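Let us learn to read a protein model feature by feature. Keep the picture open while the questions go by.

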Amino acid sequence: MVRPTVVVAGAGQAGTQTAASLREFGFDGNIVLVGDEPHLPYQRPPLSKGHITGKAARDTLWLHPATFYDHHEIDRYIPDRVRTIERAAGRVELASGTTLGYDHLVLALGARNRTLPLDGADLDGVVGLRTLAEADDLRERLARARNVVVVGGGFIGLEVAAAAVALGLRTVVIEVADRLMGRVLSPPMADFLLDAHRARGLQVELGTTVERITGTSGRVTAVATADGRKFPADVVLVGIGALPNTELAEAAGLPIANGIVVDQFLRTADPRISAVGDCASCPNPFAGGRRIRLESVHNATAQPRALAARIVGRPEPYHSVPWFWSDQSDMKLQIAGLTTATSEFVFRGDPGSGRFSIFCFDDGRLQSVESLSRPGDHMAARKLLAIEDCLSPEQAADAEFDLRTHLSSLATAAKSH
């Protein structure tokens with residue numbers, strides 16, 4: 001009997017999790033993992049935190065040791081990449097010229113950094129951060145730098161900026177929007193983080209656009225803004241978001257819409273091809289059923305587990321509460337749910353202590369919870385958001401209201417029905 005073959009294109013968190021989950025769920029066919037970086041598959045979150053400051057040892061980055069792949073019979077083509085997909089024949093061709101047949105193909109292609117379309121963006125010292133090689137390069141540059149400019153006040157930008165401040169570097173964040181992390185945070189939490197970062201020595205310039213980047217002898221020296229100011233820079237970190245890697249799927253004739261279009265079972269228009277992780281555009285019940293693309297470790301682990309379950313014959317719609325985290329200086333921010341469609345904000349805890357949560361509602365319905373150094377609130381929120389009509393604004397505002405007891409009562413009520 002011929003063993004079925006699953007080829008996984010992409011050896012990041014999502015691709016590696018797909019391979020591991022297939023074995024965990026009992027898949028006994030061939031698994032082939034193809035990745036274009038010359039390292040063992042690794043975690044990306046530490047790159048913008050402990051790795052660039054030297055606090056995290058390199059060996060702690062690997063998702064699994066090399067023996068894991070041997071033990072679980074996961075074949076690796078690394079470094080290599082899938083160059084073309086021949087859907088009718090059920091095979092892929094790699095950049096090396098190798099041809100692999102598949103019964104199922106998983107696209108875990110990830111995303112790439114957006115770049116600045118400006119004069120000077122190609123100067124030495126203007127960098128992005130997504131890969132381990134880029135993180136190694138940034139760490140070396142920060143060790144020699146005095147002035148750092150970060151373009152973009154999102155997750156990566158603020159994490160790198162906080163790390164640079166901790167290293168004693170003069171650091172400026174330039175953000176075009178009127179608040180930090182505006183696409184993912186409520187206004188009150190964004191305001192708190194702004195004040196907290198400024199109090200820790202980070203200069204933040206909001207509502208400001210970069211006009212050009214200047215340099216001498218091919219090396220960056222400053223960043224000029226549209227309002228006529230100039231900020232000295234030895235290093236410029238560009239953190240203005242990412243674009244999904246969809247070219248391979250598009251060339252194969254698969255639909256694209258801010259990512260590779262998949263259904264609630266993570267299937268593309270071709271039933272033998274699925275997509276997971278940063279490159280997948282998936283309908284999300286926590287976004288009102290809208291198709292969205294999420295870049296998070298949770299999404300890169302939960303989607304592959306759901307996909308692996310389907311491949312082994314246990315299909316269920318992908319329905320997992322989105323959650324995120326970000327370590328910035330000594331602040332640990334955790335987010336459960338999606339904050340974009342919220343209009344009422346309820347505080348639990350004391351912002352003055354730096355340990356509090358904001359429960360975000362829309363029309364009386366809990367949509368998300370943002371927590372600073374309150375992991376108990378975050379864990380409760382992930383469970384609450386999976387239940388309809390789980391909490392009222394009045395209950396959230398009551399400091400004496402016990403969330404864990406409330407969760408237990410909701411679970412008991414659900415069992416009785």
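The dialogue below goes through domains, sheets, a hairpin, an interface and salt bridges.

Q: What kind of model is this, and how are residues numbered?
A: This is a predicted model, where local features need pLDDT of at least 70, side-chain atom pairs count only at pLDDT 80 or more, and totals for chains, interfaces and linings use all residues. Residues are numbered from 1 along each chain as its sequence is written, and side-chain values use heavy atoms, with hydrogens and water left out.

Q: Into which domains is the protein chain divided?
A: Domain bounds come from an automatic or database domain assignment. Here domain 1 covers 5–112 + 243–312, domain 2 covers 115–240, and domain 3 covers 330–414.

Q: What is the strand order in the open sheet with S1?
A: Start with the terms. Strands (E, at least two residues) and helices (H or I, at least four) are DSSP runs, numbered from the N terminus. Two strands pair if DSSP finds at least two bridges between them. In this sheet of 5 strands the order is S3-S2-S1-S7-S19, with parallel pairing. Strand S3 (74–77) and strand S19 (273–275) stand at the edges with a single partner strand each, so one side of each has no neighbour in the sheet. From one strand to the next, the twist averages 20°. (Axes are lines fitted to C-alpha atoms, for helices over the stretch in contact; angles run from 0 to 180 degrees between N-to-C directions.)

Q: How many bridges join S7 to S19?
A: Strand S7 (residues 104–107) is joined to S19 by 3 bridges. One residue pair to find: Val 106 has Ser 274 in S19 as its bridge partner.

Q: Which strands does helix H1 touch?
A: Contact means heavy atoms within 4.5 Å. Helix H1 (residues 13–24) packs on the sheet and touches strand S1 (5–9), strand S2 (30–34), S3 and S7. The direction of H1 makes about 170° with that of S2. Helix H8 (residues 297–311) also packs on this sheet, touching S1, S7 and S19.

Q: Which strands are at the edges of the sheet with S10?
A: That open sheet has 5 strands in the order S9-S16-S10-S11-S12, paired in parallel. Its edge strands are S9 (126–127) and S12 (203–206), each pairing on one side only.

Q: Where is there a hairpin?
A: Look at S22 and S23, which form a hairpin with 2 residues between them. Strand S22 (residues 323–328) and strand S23 (residues 331–337) run antiparallel, joined by 6 bridges. In the turn, Ser 329 has a positive phi of about 60°.

Q: How is the size of an interface given?
A: Often as the accessible area lost when the parts come together. Buried area is the accessible area (1.4 Å probe) that two parts lose on being put together, summed over both. Between domain 2 and domain 3 the buried area is about 1,100 Å², and carbon and sulfur atoms give 79% of this.

Q: How many salt bridges does the rule find?
A: Side chains of opposite charge can pair when their charged atoms come close. The rule asks for a side-chain nitrogen of Lys or Arg within 4 Å of a carboxyl oxygen of Asp or Glu. By this rule the count is 23 salt bridges. Among them is Arg 3 with Glu 73, whose closest N and O atoms are 3.9 Å apart. This pair links distant parts of the chain, 70 residues apart. Across the interface of domain 2 and domain 3 the rule finds 1 salt bridge.
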